[in-house]
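User: I am new to this structure and would like a close look at a single part of it. Please choose one stretch and follow its contacts from residue to residue.

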Amino acid sequence: MYYFGANSQFFSNLTIFLVIILSLFFSFSWIMRKLLNVKRKKIFSIDYINDAHKRYDRTIRIGSVFFFIILSVFLFDYSRFHYSEASQLLFFVSMLFTAAGELLRAYMEWKYRKDQNDYILTLCNIIFMTAMVIVIIKSDFLGLFV
C-alpha cells in the first residue's frame, strides 16, 4: 500500500479544518449581509458590474496565470529555492492577485452601484479573509496538523 506521508488523522483533521473555516466565513458573510441589507449572490458566479470591470478582471486573471507559469519555472529550480519557500511565495502571490481582484470589485461596486452597500460587504470580506489567513498561518493551521 502506498503511504502518502500523512499521519492517520490527517484527513479527519483536514475535514475539521475545512468545516471550521467555511462555517466561519459563511457565518460572517451572512451576518454582514443582514446588517448591510445586501442581496445574496450565487456561489461561484462572476457578477460583473459593467464591461470595464469585466475587462479589468479578465486582465488580472490572465495576468495571474501567466505570472504563475513564469514564476513556477524559476522557483521550482531546486538549486535556487527550497520547495517550501517556493510554495509559500506562490501562496503569497496568489493572495495578492485574489486581493487585487476583490479590491477591483469593491471599487467598481462603489463607483457604479450607488445607494447600495455591496462594496462595504466586499471590503469586509477582504479584511476578514486576510485576518483568517494570518491567524491560520500564525497558529499552525489552528494546531490541527502539528
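Analyst: Asp118 and Arg113 are both buried, a term that stands for under 20% relative accessible area, with exposed meaning over 50% and partly exposed anything in between (1.4 Å probe, protein chains only). This is a predicted model, in which local features need pLDDT of at least 70 and side-chain atom pairs count only at pLDDT 80 or more, while totals for chains, interfaces and linings use all residues. Residues are numbered from 1 along each chain as its sequence is written, and side-chain values use heavy atoms, with hydrogens and water left out.

Asp118 and Arg113 are joined by a salt bridge whose closest N and O atoms are 2.9 Å apart; such a bridge needs a side-chain nitrogen of Lys or Arg within 4 Å of a carboxyl oxygen of Asp or Glu. Arg113 also meets the side chain of Asp47 in a salt bridge of 2.9 Å, N to O. Because Asp47 belongs to the loop between α1 (10-36) and α2 (51-75), and Arg113 to the loop between α3 and α4 (118-138), this pair ties together parts that are 66 residues apart in sequence. Helices here are DSSP runs of H or I with at least four residues, strands are runs of E with at least two, and both are numbered from the N terminus. The two partners differ in their surroundings, since Arg113 is buried at 19% relative accessible area, whereas Asp47, at 29%, counts as partly exposed.

On one side of this loop lies α4, whose 21 residues should span 30 Å at 1.5 Å a residue, and the end C-alpha atoms are indeed 30 Å apart, which agrees; the expected span is 1.5 Å times one less than the number of residues. Asp118 is one of the buried residues of α4, together with Leu121, Thr122, Asn125, Ile126, Met132, Val133 and Ile136. These residues cover an arc of only 140° around the axis, so they lie on the same side of α4, the arc being taken from the directions that run from the helix axis to the C-beta atoms. The face turned away from this buried side carries the exposed residues Ile127 and Lys138. After α4 comes Asp140, whose phi is positive, near 50°.

On the other side of the loop is α3 (residues 83-112), where Tyr107 and Trp110 lie three residues apart, about one turn of the helix. The charged end of Lys114 sits over the ring of Trp110, 5.5 Å from its centre; this description requires NZ of Lys or CZ of Arg within 6 Å of the ring centre and within 35 degrees of the ring normal. With a relative accessibility of 44%, Trp110 is partly exposed, and Tyr107, at 39%, is partly exposed as well.

Further salt bridging is found in α3 itself, where Glu109 and Arg105 are four residues apart, about one turn of the helix. An α-helix has 3.6 residues a turn, so residues three or four places apart point the same way. The side chains of Glu109 and Arg105 meet at 3.8 Å, N to O, and both residues are buried. Lys41 joins Arg105 and Glu109 in a network of salt bridges. By the rule stated above, the count comes to five salt bridges.
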